Structures are given as structure tokens and as C-alpha cells.
Amino acid sequence: MSTLSLSSGALRRGGLAAAKLLIAIALTLLGLLLVTFFIGRVMPIDPVLAVVGDRATKEVYDAAYKALALDRPLTVQFWIYVTNVLQGNFGNSVLTSRPIVEDVIRFFPATLELATFGTFIGVVIGVPLGVQAAVHQGKWIDQVARFVGLLGYSAPVFWLGLMGLLIFYAKLDWVGGPGRLDVAFDDLVDPVTGVLLIDAVLAGEWEVFTNAFSHLILPAAVLGYSSMAYISRMTRSFMVEQLRQEYITTARVKGLSERRIVWGHALGNIAVPLITVIALSYAHLLEGSVLTETVFAWPGLGSYITASLLNADMNAVLGGTLVVGATFILLNLFCDLLYRVVDPRAK
């Protein structure tokens, strides 16, 4: 009886927590819609001119103005916008003449692929470097980690990209050039996921995979470098604090190996804050890959939003911004769930 009571209580608490979470997500998305919509309306850009052109007659301009519902109050315009978004209708892009949803499906996987690979590079190099810097404070590896981190923070991304193209593509010919593929490999693989490496594997096209990887590695390394600088610095800071704790001294007194103390106990105890750092870094790469995509002619969402903004294509700008914001929210949700797995006390 008591077991049933406990189970129903736990289910009720779980359902309440899930309901609160869903409400919080819905309110956050509504706030994001509100902010992006009003930013789009107050920007000094005339969306009607983007549709009809600057040579249109006044009658044509007025008709387009009315068709876009710009003659209605802002609250009504916002209601129409939210209603359309809830139905999956973000409008059509003036730039590409396609529905925004279709454009996002086409461009977002390229940004996702680039940011994911960049974050992977940042984690694989940044975490061990930060740990070693904390273990060997003041020694040469600590100085190297600090110098690398400082350079990663201060060097402009576009400069790193141009130098990388000059050295590794133009001079050494070690990597592919701008874009996701050489022209000879275009359209050899049908898009399934939109992530070219995965689609090439699914199609069994290993030459396409190799070519796509050679194009991806340099922009991902440029993005990953800034990510690595942030992750290594934060890892060092967390580890220095952990290595001063009493349980580390106790573990050493008990005779545990230094490797087990550092990589097993200390690193395990910084897992939760480290997840936050990696998630923030990933979100930053998703949002801030515009310059990298521009330098490397990478056909991602950042390039798409930038081109849309320059052409006053506000439907595309709002749709792209909303997708990035929603991804950030989902990333935070994923982190919250991961906390509960890594640290049961978070439940």
C-alpha cells in the first residue's frame, strides 16, 4: 500500500515537473518570437521594397504593403505571425523564392555539421590541455596552455581563416578549398540528413566522404580553436580548485595513483560545470559561425541569415534567428537532462 502511495507520489511529482518544464519552454519560445518579431519591425529596413523593388509604382507598393498586413496594428501583425509559425509557415524568402522552412532544412545541417565538428575538436584538445595545465601549474605546459588560450581569445576568426586557407590550401594543398565539396563531387550524394559526411557514408560514396572531410577540417579547426581556448581555460580553473580539496589529499595518502586521482576523481567532480561550458561553447559556435562561413563560403545558416539581412529579406532573417534560438533552448534542456544522468543529486 505504502509502495503504491510512494509510486503515485513520485509519478505526480514527475508529471508536475514535466508540465512546469513544458510551460517554461513554451513561454521562452513565445518570448523569443516576440523579441525577433519586434526587432524585425523596428529595424530601418523596408520589407515592401525587398518584395516589389525600388522601381515599383505607388499602387503596387501599397498593394504589397497591405498584402504583408503592415497596415494592421503591431499586435495584430504579431498574432498573424505567431499563428503562421505555429502552423509551420514562416513565409517565403525573397532571396531564394522558396519557403523559409525549406531553406532552413537546406542550410541548417551545414552549420550543425561545422559547429559539431568544431566543438569536438575543442573538447578533445581543450579538456586534456586544461587538466594538464592544472596538474602542472607554473610549468611549461601551463604556460603553453595560457598562451594558446590567449591567442584563441584575441586572434580574429576571419584572420585565422584566411591564414589557414593561404597556408594549408593554397601553399601546402593539404585541405580542400572553400565550400563543402569540390565541383566534381556535387550532386553525387542525395541529401538524407543534410549532414554531408553522414549522407556520404549512407550512400557508400567514400570519395565524397573524403572530399567533404578535407573541406570541413580547416573551418572546423578554426572554429574549434576558439572553442578549445575557452574550454581549456575553464577546465584548468575547475581542476585547480578540485586539486586543492581535502579528498584529493586523502586519496593521495591512501596511495591511489596520480592518474586515477586526476582523471577519475577530480575530473569526474567537475563534469557538471564542464558540461555547461561545452554546451555554451557549442551554442556560441552555432550562433557565431557567420564569419567562418563567410570566409570559407560555407553554405550554412549563418551565411543565409547574413545574405538575407543584406537583402532586407526579413522573413528569412526572423525564421533563421528563431531556429537558432530554439536550438539554444533545446541545447539547454539537453544539458539539464544530462546533469541528472551525471549527478543524481540534481534530481
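Here is a quick tour of this structure, from its two domains down to a few single residues.

What you're looking at is a predicted model. The domain assignment splits the chain into domain 1, residues 16–87, and domain 2, residues 102–342. Six is the number to keep in mind for charge pairs, as the structure holds 6 salt bridges. There is also a nonpolar patch on the surface, plus a couple of residues with a positive phi that aren't glycines, Asp173 and Asp187.

**How the two domains meet**

- Measure from C-alpha centre to C-alpha centre and domain 1 and domain 2 come out 33 Å apart.
- Where they touch, 16 residues on the domain 1 side are in contact with 11 residues of domain 2.
- An interface's size is often expressed as the accessible area that is lost when its parts come together.
- Here, domain 1 and domain 2 bury about 1,200 Å² between them, and 87% of that is on carbon and sulfur atoms.
- On the domain 1 side, the residues that lose the most area to domain 2 are Leu32, Thr36 and Ile45, which together make up 33% of what that side buries.
- As for salt bridges between domain 1 and domain 2, the count is 0.

**Salt bridges worth finding**

- Side chains with opposite charges can pair up when their charged atoms come close.
- Start with Lys58 and Asp62, a salt bridge whose closest N and O atoms are 2.8 Å apart.
- Both of these residues sit in helix H3 (residues 58–67), and they're 4 residues apart, about one turn of the helix.
- Lys58 counts as exposed because its relative accessibility is 59%, over the 50% cut-off.
- Its partner Asp62 is partly exposed, with a relative accessible area of 34%.
- Next up is Arg98, which forms a salt bridge with Asp103, with 2.7 Å between the closest N and O atoms.
- Asp103 counts as buried, because its relative accessibility is 0% and the cut-off is under 20%.
- Then look for Glu113 and Arg180, whose side chains meet in a salt bridge at 2.6 Å, N to O.
- Glu113 belongs to helix H5 (residues 100–135) while Arg180 is in the loop between H7 and helix H8 (196–203), so this pair ties together parts that are 67 residues apart in sequence.
- Both Glu113 and Arg180 are buried.
- Asp142, Arg146 and Arg236 are joined into one network by salt bridges that share partners.

**A nonpolar patch on the surface**

- Leu166, Ile167, Phe168, Leu172 and Trp174 make up this patch, and together they have about 480 Å² of accessible area.
- One of them, Leu166, is found in helix H7, which covers residues 157–171.
- Leu166 is partly exposed, with a relative accessible area of 40%.

**Positive phi in the loop between H7 and H8**

- Asp173 isn't a glycine, yet it has a positive phi of about 55 degrees.
- You'll find Asp173 in the loop between H7 and H8, and it is exposed, with a relative accessible area of 57%.
- Asp187 is another non-glycine with a positive phi, this one near 65 degrees.
- Asp187 also lies in the loop between H7 and H8, and it is exposed at a relative accessible area of 75%.

How values were computed. Residues are numbered from 1 along each chain as its sequence is written. This is a predicted model: local features need pLDDT of at least 70, side-chain atom pairs count only at pLDDT 80 or more; totals for chains, interfaces and linings use all residues. Side-chain values use heavy atoms; hydrogens and water are left out. Patches are made of residues with over 30% relative accessible area and no salt bridge: like charges are joined within 9 Å, nonpolar side chains (Val, Leu, Ile, Met, Phe, Trp, Tyr) within 5 Å. Accessible areas come from the Shrake-Rupley method with a 1.4 Å probe; for residues, only the protein chains shown count as cover. A salt bridge is a side-chain nitrogen of Lys or Arg within 4 Å of a carboxyl oxygen of Asp or Glu. Helices (H or I, at least four residues) and strands (E, at least two) are DSSP runs, numbered from the N terminus. Buried means under 20% relative accessible area, exposed over 50%, partly exposed in between (1.4 Å probe, protein chains only). Domain bounds come from an automatic or database domain assignment. Contact means heavy atoms within 4.5 Å. Buried area is the accessible area (1.4 Å probe) that two parts lose on being put together, summed over both.
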